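Dear colleague,

Please find below the structure that I am handing over to you. My findings follow it, arranged by topic.

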Amino acid sequence: MKYVVTPQGKKLVTLIPGDGIGPEVVASARRIIEAVGVPIEWDEQRAGASVFREGIASGVPEETVASIRRSRVVLKGPLETPVGYGEKSANVTLRKLFEAFANVRPVRELPSVPTPYRGRGIDLVIVRENVEDLYAGIEYVDTPGVTSAFKVISVKGSEKIIRFAFALARAEGRQVVHGATKANILKVTEGLFKRLFETIAREFPDIRAEHIIIDNCAHQLVKQPEQFDVIVTTNMNGDIISDLASGLVGGLGFAPSANYGHDVAIFEPVHGSAPKYAGKNVINPTAMILTAILMLRYLDEFAAAETIEHALLVTLEEGKALTRDVVGDAEAATTTAFTDAIISNLGRRSTHWQPRAYSPIQIPELHPDPVAVRVKQERVVGVDVFIEADTNPTDLGRALEQLTADSPLALYHVSSRGLQVYPDVGASIDYVDHWRCRFLARASEGEVNDAAILDLLTKIGQHFTWTSVLRLREFDGEQGFSKAQGEE
Ligand code: NAP
């Protein structure tokens with residue numbers, strides 16, 4: 001069971017009011033849920049600013065972690081990331097701690113919300129991988145003037161999110177899933193995601209699957225957003241396009257989100273703690289209410305979710321009590337008055353909205369094999385040595401060739417920021433003091449062993465500062481590394 005039912009028949013939810021405007025939006029959503037009579041037992045817990053100030057570096061106390069392990073479902077307000085406390089985000093801590101790998105952001109046009117896209121019928125969901133990619137946070141200062149980061153994309157992580165996206169499409173009766181990647185440039189990492197998307201799509205013949213390059217996806221989202229239904233993508237792409245998409249339907253006050261994992265689901269609005277409005281009873285709780293609706297569906301409370309959604313839509317359509325971000329200060333209703341209006345509209349149905357036939361979502365199972373991908377044959381064919389050197393490509397290339405003349409590894413090329421610069425390919429370049437020097441096994445040697453690599457590094461180290469080294473491998477005969485630009 002993805003959630004816990006208490007002996008009293010109530011569904012257990014960890015409630016984290018959060019910081020700034022968090023307690024106000026959470027109180028609004030809770031009042032509405034309670035007014036509908038959903039049997040929920042709230043376990044109220046803390047996270048965020050006050051916890052950081054107590055010296056807990058993660059921003060999440062043990063009691064909160066224990067509560068989430070028990071309940072497996074979290075409804076939370078925004079958490080502030082205070083500066084000067086190590087600057088870790090309690091949100092990220094929670095998502096990572098519970099491997100909440102699927103970030104889901106529905107984006108839908110709402111009545112009375114002024115946007116340039118009004119009347120276009122935008123109704124899409126962005127499914128963003130939430131754990132991997134550049135957000136693995138593996139970064140280095142390679143030389144005083146050059147930094148780099150690892151973009152980590154795994155078969156396992158990609159399969160989970162892609163399968164999740166198709167499962168979500170089925171659960172919501174959606175017909176099209178776009179896989180958005182930058183596979184045209186990042187052929188290994190984003191390319192893996194694209195290939196898996198195309199393979200997994202075949203298992204869902206009832207759903208149309210299309211690959212789209214992420215930059216065109218951003219362009220199409222602005223130009224013709226109504227063409228999209230579900231978009232699944234990697235972490236960084238998803239981060240950017242999901243904010244873009246929120247902007248299409250009115251911005252942060254209207255953007256709900258959910259983070260799903262195998263063990264835990266965390267529901268939170270996209271917006272932050274907006275500290276300048278804290279305690280003023282003026283902010284818009286719609287994003288939090290839409291977030292609560294997502295949670296109710298996860299708890300299989302489909303009827304309650306639909307009742308609240310209708311009441312919210314009726315309240316927005318009537319426009320009698322709207323918050324200041326929608327109607328401006330002069331005519332604004334307070335957060336409480338807006339919430340009261342929704343509660344008074346419970347039971348009424350919007351004439352403009354046709355609810356989807358939602359069904360429970362099947363979260364993909366964890367792969368039982370911790371490795372998940374094995375190959376029959378792997379072979380080390382060379383090595384990339386990254387060197388810090390204040391020199392030019394020709395001098396560096398020639399020096400390396402001389403140094404390694406009797407090595408089983410021969411210099412293949414030198415590249416700077418991904419572009420081959422030695423042997424010269426005639427490109428005009430502006431290089432930096434960080435060089436990728438690719439050595440491949442001399443044909444006669446075949447495979448490269450560690451002794452040869454260590455010997456190479458010793459020779460290079462006598463004249464240059466090498467900063468890192470990566471083995472170049474083939475897996476079942478396929479190269480496991482990208483070419484440099486300009487390389488034949
Ligand atoms: P923010 O809190 O989202 O607020 C930015 C602006 O968005 C507000 O000043 C306001 O715009 C508008 N806004 C946000 N929520 C609204 C609502 N419910 N109703 C009406 N307007 C709303 O972003 P921030 O100021 O960059 O971040 C503040 C803190 O929140 C930071 O500590 C940040 O780390 C944290 N944060 C947390 C989360 C999370 O917990 N998931 C997410 C993002 C940020 P106007 O000024 O135009 O009225």
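**The open sheet and its edge**

Strand 17 (residues 465-475) and strand 18 run antiparallel and are joined by two bridges. One residue pair can be named here: Phe475 has Glu478, in strand 18, as its bridge partner. Please note that the model is a predicted one.

Both strands belong to an open sheet of six strands, which has antiparallel pairing and the order 15-14-16-13-17-18. Strand 15 (419-422) and strand 18 (478-479) are its edge strands, each pairing on one side only.

**The ligand**

The ligand is surrounded by 21 residues, and the closest are Leu79, Gly272, Ala274, Lys276 and Tyr277. By class, this shell consists of nine nonpolar, six polar and six charged residues.

Three contacts with oxygen atoms of the ligand may be of use to you:

- Ala274 places a backbone N or O atom 2.6 Å from an oxygen atom of the ligand.
- For Leu79, a backbone N or O atom lies 2.8 Å from an oxygen atom of the ligand.
- For Thr81, a polar backbone atom is 3.1 Å from an oxygen atom of the ligand.

As for burial, the ligand taken alone exposes 880 Å², and the protein buries 66% of that area.

**Cavities**

How many cavities of 30 Å³ or more are there? The count comes to two.

The largest cavity holds about 190 Å³ of space. Its lining is made up of 17 residues, and those nearest its centre are Pro106, Arg108, Leu290, Arg297 and Glu309. Strand 4 (102-108), strand 5 (123-129) and helix 9 (286-298) are the elements that give two or more residues to this lining. Helix 9 provides the largest share, with four residues. In terms of class, the lining of the largest cavity has 11 nonpolar residues, six charged residues and no polar ones.

The second largest cavity contains about 140 Å³ of space. Of the 13 residues that line the second largest cavity, Glu172, Tyr260, Arg297, Ser359 and Ile361 lie nearest its centre. Arg297 is thus listed near the centre of the largest cavity and near that of the second largest cavity. Helix 5 (155-171) and helix 9 are the elements that supply two or more residues to the lining of the second largest cavity. Here, too, helix 9 gives the largest share, in this case three residues. The lining of the second largest cavity divides into nine nonpolar, one polar and three charged residues.

**The second largest pocket**

Which residues lie closest to the centre of the second largest pocket? They are Ser89, Asn91, Val92, Arg95 and Arg128, out of 23 residues that line this pocket. The second largest pocket has about 460 Å³ of space.

At least two lining residues of this pocket come from each of helix 4 (90-97), strand 4, helix 8 (235-248) and strand 12 (265-269). Helix 4 contributes the largest share, namely four residues. Strand 4 therefore deserves a second look when you view the model: strand 4 is among the elements that line the largest cavity, and strand 4 also contributes to the lining of the second largest pocket. By class, the lining of the second largest pocket has 10 polar, seven charged and six nonpolar residues.

With kind regards

Key: Residues are numbered from 1 along each chain as its sequence is written. This is a predicted model: local features need pLDDT of at least 70, side-chain atom pairs count only at pLDDT 80 or more; totals for chains, interfaces and linings use all residues. Side-chain values use heavy atoms; hydrogens and water are left out. A residue is near a molecule or strand if one of its heavy atoms lies within 4 Å of it. A polar contact is a pair of N or O atoms within 3.5 Å; within protein, one must be able to donate a hydrogen and the other to accept it, and residues adjacent in sequence count only if both atoms are side-chain atoms. Accessible areas come from the Shrake-Rupley method with a 1.4 Å probe; for residues, only the protein chains shown count as cover. Ala, Val, Leu, Ile, Met, Phe, Trp, Tyr, Cys and Pro count as nonpolar, Asp, Glu, Lys and Arg as charged, and the others, Gly among them, as polar. On a 1 Å grid over the protein atoms alone, a cavity is a set of points where a 1.4 Å probe fits but cannot get out, and a pocket is an open set with protein on both sides within 12 Å along at least five of seven lines; lining residues have an atom within 4 Å of a point. Grid points are joined across faces, edges and corners, and a volume is the space filled by probe spheres set on the points. Two strands pair if DSSP finds at least two bridges between them.
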